[in-house]
Amino acid sequence: MEAALAEIEHIKKSFGNNDVLKDISLKIEKGKNLVVFGKSGCGKSVLIKCLVGLLVPDGGKIIVFGKDISSLSEEELDVLRKKIGFLFQSGALYDSMSVRENLEFPLRDLKGKSREEIDSLVIEALRNVGLEEAIDKMPSELSGGMRKRIGLARTLILKPEIMLYDEPTTGLDPITSREISMLILDVQKKHNTSSIIITHDKECARITANHIMMMKDGLIGAEGTFQELSESKDEWVTAFFKQ
Amino acid sequence: MEDAKTVAETKQEEVVGNLSYLKAVKAFFNEFGCLTSFTFRFFREVFKPRYEFNEVLKQSYLIGYKSFPLIALTAFIMGLVLTIQSRPTLVQFGAVSWLPAMVAVSLIRELGPAITALVFGGKVGSGIGAELASMRVTEQIDAMEVSGINPFKYLVVTRVLATTLTLPLLVVLSDSVSLFSTYIAVNMKDNVSTPLFISQVFQSINFSDLFPSIIKTFFFGFAVGIVSCYMGYNSNTGTEGVGKAANSSVVFGSISIFVLDLIAVQITNLIYN
């Protein structure tokens, strides 16, 4: 068994009276894709936002690269975050910057990189997602699928060890969804990254998952491989897999 | 029985009314506390490296240079209207020769800084509020944070510095435009030569008029920047929040300008009188 890069232990998170996460524990292993599957609004995104410190859990422990993130200073957390890539649902591209500037932005703290090196990193990142021609476009000129690809390129430019995907295929047509799912798989193979993929898209889970966790009422309702879960007799699990 | 019920209901309504009043007061102080802590965070972050000089310059260009046409137009009209409106009163007292001096003192001491700051607050404050709120809604601020880039430093510190540094420059330019339109307005009815106009204006203005009026504009610029950044940065209620942030930036920014102006007048009076 591979060592875990990140571990979530019994985390809890509430918003007012709404207990979104009641007791969730999981591990991210090196080079593996973990899919967190569940209905919309069941707290999947909250889970990964807690992992990068965007949200502070009410209880439990989050250990990333052997460090408890609650004990880190803001500066230490920033250093740790550079090793984690986060693809947002909308791509979250900076509107006021071109694609090139969006990709260069995370590189600004890297010292000793020449202009040529930065340019080649940008072009390589765009080539990885098949969008070299979009380099001088503005985000408003891109389609939903292209925005997600560029978002992925921007995330991958720092060569993260852990990738977190928040609903990577939501709002896309089946063909583009499949392309994005294949891209996630490609990233895993090429960079040996470990990922958590938040989704309610069965096809995306089938393509990308090494292991699946299904969230129900703030808890892990079921887990296993895609094959195991699709053969499950549990009515609630079947409801998802017979969509 | 019915009367008693009505009295009870009225009492209940009164209590509910008082409670909602108390809630509003509590919400106001809560918001004020959060704004104060946001301001303290600005002072903590502004001295920490890395320094975003390029972004401060870019924001100063966007905020200052692009606001100038609107501010110049407002200033031109302000000088014109003030001169035309003041003339009849001065004519009644036979003091029409005091017109350039009187208008210049009003403009330099108060109207120039205050009106320019209000126009600036309306244009720039709403823009910053809406921009940051839309970045919050579309997760761009979160994306910056997870890339290990401090969004407060990159977005808030740079914008507040830009508003603080550009407003005084805009006020100096706006005062100059207003004095130019005053010169035109004076010459519409009377015949005042350029050297005479300039000498009347500058004889009436001294250091105690000019210095405090410029200093207070740094505070006005800071208030516009910090309030609009606070409203936009902490907006969290979807697209509705974008409009709300833009609106609150203008409202609270304008109130801050008036309150600061009141304080500045008191301090100036204490020092110079």
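Two residues are in contact if their C-beta atoms, placed from the backbone, lie within 7 Å. That cut-off serves throughout this predicted model, where local features need pLDDT of at least 70, side-chain atom pairs count only at pLDDT 80 or more, and totals for chains, interfaces and linings use all residues. Residues are numbered from 1 along each chain as its sequence is written, while chains are lettered from A and ligands numbered from 1 in the order in which they are written.

Start with helix 2 of chain B, residues 53-64. Helices here are DSSP runs (H or I, at least four residues), numbered from the N terminus. Helix 2 of chain B has twelve residues and spans 16 Å from first C-alpha to last. That is close to the 16 Å expected at 1.5 Å a residue, taking 1.5 Å times one less than the number of residues.

Gln59(B), Ile63(B) and Gly64(B) are its buried residues (20 or more other C-beta atoms within 10 Å of their own; exposed means 12 or fewer). Seen down the helix axis, they fall within an arc of 105°, so they line one face; the arc is that of the directions from the axis to the C-beta atoms. They pack against helix 3 (68-92), helix 4 (99-137) and helix 6 (151-189) of chain B. The face turned away carries exposed Asn54(B) and Tyr61(B).

Now the domains. An automatic or database assignment sets the bounds: chain B has domain 1 (1-47) and domain 2 (49-272). Their C-alpha centres lie 32 Å apart. Seven residues of domain 1 of chain B are in contact with seven of domain 2 of chain B.

Last, the chains. Their contact takes ten residues from chain B and 13 residues from chain A.

Methods. Helices (H or I, at least four residues) and strands (E, at least two) are DSSP runs, numbered from the N terminus.
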